[in-house]
Amino acid sequence: MIEELNGDFLQWLRGFYYVSQTGSIRRAAQMMNRNPSTISYQIRSLEEELNTVLFDRYKKSLRITPEGKKLFEWTVYTFETLRGLRSEVGTLSGKLQGTVTFSSNLPFAAQVVGIISGFRERHPDVNIRIRRALTYEVVDDVESSKVDFGLTGVTVLPDHSELEELFQARPLLIVHRDNTYHLPKKPKLSDLERLPFVSFLSERMDDSGEPYFENMDATLFVKNTVLSVNNYHLMLRYVLHGVGAAIMDEMCLKASSYGTDWRPLVSYPLDEFLPTVRYGILVRKRKHLSPQAKGLIENIREELAKTNLPA
């Protein structure tokens with residue numbers, strides 16, 4: 001027996017989703033090409049239908065309530081199921097078609113260019129959309145269902161997503177070979193504390209910090225940041241010019257080493273101070289993947305197994 005629902009219920013949920021994402025009825029209305037009064041009506045109707053409060057109204061801001069957070073999870077799941085239904089029915093012939101979207105940090109995105117190209121040749125009716133993002137952006141995209149899946153490295157597993165780990169990468173300290181730091185083969189904390197650092201600038205943070213190691217107190221040994229930039233290749237260029245030392249994992253070092261002679265640089269493992277980065281496929285829990293998304297993930301998994309990546 002299927003319970004009868006108000007015919008506008010799905011539209012109310014759609015309005016609720018965008019308000020949850022933007023924290024603003026006005027911005028949600030802009031994204032949906034609707035009048036703000038329409039979105040306000042949808043939220044009120046949804047609250048009346050469910051007999052609950054979804055947002056706390058404080059001045060001009062909206063703060064989602066615990067009940068709202070629970071509904072958000074179900075809203076994402078509902079629309080993913082509907083999208084999956086349409087996709088499954090549309091590919092009954094076994095021919096993959098439709099769109100696949102995924103977010104990836106730059107090192108991983110560079111690693112799968114050949115894989116994606118080969119998949120497109122075999123499945124020309126599949127349109128692939130790739131968003132280059134920092135680690136936290138990949139996680140946000142996956143957990144809010146903006147994308148089908150993510151490719152990234154993490155040191156802490158997200159709450160609402162699952163990581164299929166494909167390989168790991170050690171954290172490294174990168175310096176110029178002809179430096180004046182007098183570092184031992186295995187640097188100690190006191191050795192690191194006196195170094196000038198070229199740090200990764202994360203837009204999410206108030207100051208510089210490595211995107212994979214946000215959970216770590218960066219002041220543990222990064223005492224002197226002399227330059228910040230949000231690109232690993234540029235970080236290496238500045239290290240090459242003797243500006244300071246840099247921190248990145250093996251995967252980032254491999255992906256950033258293009259167009260320049262990096263032989264003057266040397267690396268030191270930082271396993272003792274920083275966690276190993278776990279790289280893999282990030283998928284939202286209870287995610288309903290379309291056949292084309294499943295096919296691409298399987299292809300990435302199989303091809304990377306043949307590739308010489310960090311252990």
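Partly exposed means a relative accessible area between the buried limit of under 20% and the exposed limit of over 50%. The close-ups below show a predicted model.

**Figure 1. The chain as a whole.** Eleven helices and twelve strands make up the secondary structure of the chain. Of its 311 residues, 47% count as buried. Long-range contacts are well represented: among contacts between residues at least 6 apart in sequence, 76% join residues at least 24 apart. A search of the whole structure finds ten salt bridges. Three of these are shown in the figures that follow.

**Figure 2. The largest nonpolar core, centred on Phe149, Leu296 and Ile300.** This core has 43 residues, and these three have the most contacts inside it. At least three core residues come from domain 2 (95-166 + 277-306), and at least three from domain 3 (171-269). In soluble globular proteins, nonpolar side chains tend to be buried together. Phe149 has contacts with residues far along the sequence, leaving aside neighbours within four places. One group is Val100, Thr101, Phe102 and Ser103. Val142 is another partner. Ile281, Leu282 and Val283 also touch Phe149, as do Ala293, Leu296, Ile297 and Ile300. Another core lies apart from this one. That core has 18 residues, among them Phe9, Trp12, Val19 and Ala29.

**Figure 3. A buried salt bridge between Arg284 and Glu73.** The closest N and O atoms of this pair are 2.6 Å apart. Arg284 lies in strand S12 (residues 277-284) and Glu73 in helix H4 (residues 66-90), so the salt bridge ties together parts that are 211 residues apart in sequence. Are the two partners buried or exposed? Both Arg284 and Glu73 are buried.

**Figure 4. Two salt bridges that start from strand S6.** Glu164 and Arg301 meet through their side chains, at 2.5 Å from N to O. Glu164 is in strand S6 (residues 161-169) and Arg301 is in helix H11 (residues 291-304), 137 residues apart. Arg301 has 32% relative accessibility, so it counts as partly exposed. Glu164, at 29%, is also partly exposed. Glu165 forms a salt bridge with Arg278, and the closest N and O atoms are 2.6 Å apart. This pair links strand S6 to strand S12, across 113 residues of sequence. Glu165 has a relative accessible area of 33%, which makes it partly exposed. Arg278 is partly exposed at 28%.

**Figure 5. Helix H11 and its buried residues.** H11 has 14 residues. Its first and last C-alpha atoms are 20 Å apart, close to the 20 Å expected at 1.5 Å a residue. The buried residues of H11 are Pro291, Gln292, Ala293, Gly295, Leu296, Ile297, Asn299, Ile300 and Leu304. An α-helix has 3.6 residues a turn, so residues three or four places apart point the same way. Gln292 is one of the polar residues on the buried list. Its relative accessibility is 5%, so Gln292 counts as buried. What does the side chain of Gln292 reach? It reaches the backbone oxygen of Thr99, at 3.5 Å.

**Figure 6. Helix H1 and the surroundings of Gln21.** The end C-alpha atoms of H1 are 20 Å apart, which agrees with the span expected for 14 residues at 1.5 Å a residue. Its buried residues are Phe9, Trp12, Leu13, Gly15, Phe16, Tyr17, Val19 and Thr22. Gln21 is found in H1 (residues 9-22). With a relative accessible area of 31%, Gln21 is partly exposed. Gln21 touches Phe72, Ser144 and Lys146, not counting residues up to four places away in sequence. Gln21 and Ser144 are 123 residues apart in sequence, yet their C-alpha atoms are 8.0 Å apart. Just after H1, Gly23 takes a positive phi of about 70 degrees.

**Figure 7. Positive phi at two loop residues, Asn51 and His182.** Most residues other than glycine have a negative phi. Asn51 has a positive phi, near 55 degrees. Asn51 lies in the loop between helix H3 (36-50) and strand S1 (55-58). At 71% relative accessibility, Asn51 counts as exposed. His182 also has a positive phi, near 55 degrees. Its loop runs between strand S7 (171-176) and helix H8 (189-193). His182 is exposed, with a relative accessible area of 67%.

How values were computed:
Residues numbered from 1 in each chain as written. Predicted model: local features only at pLDDT ≥ 70, side-chain atom pairs only at ≥ 80, totals over all residues. Heavy atoms only, no water. Core = buried A, V, L, I, M, F, W, Y, C linked by side-chain atoms within 4.5 Å. Buried < 20%, exposed > 50% of the residue type's maximum accessible area, 1.4 Å probe, protein only. Domains from an automatic or database assignment. Contact = heavy atoms within 4.5 Å. Salt bridge = Lys/Arg side-chain N within 4 Å of Asp/Glu carboxyl O. Helix = DSSP H or I, 4+ residues; strand = E, 2+ residues; numbered from the N terminus. Polar contact = N/O pair within 3.5 Å; in protein donor to acceptor, adjacent residues only side chain to side chain. Expected span 1.5 Å × (residues − 1).
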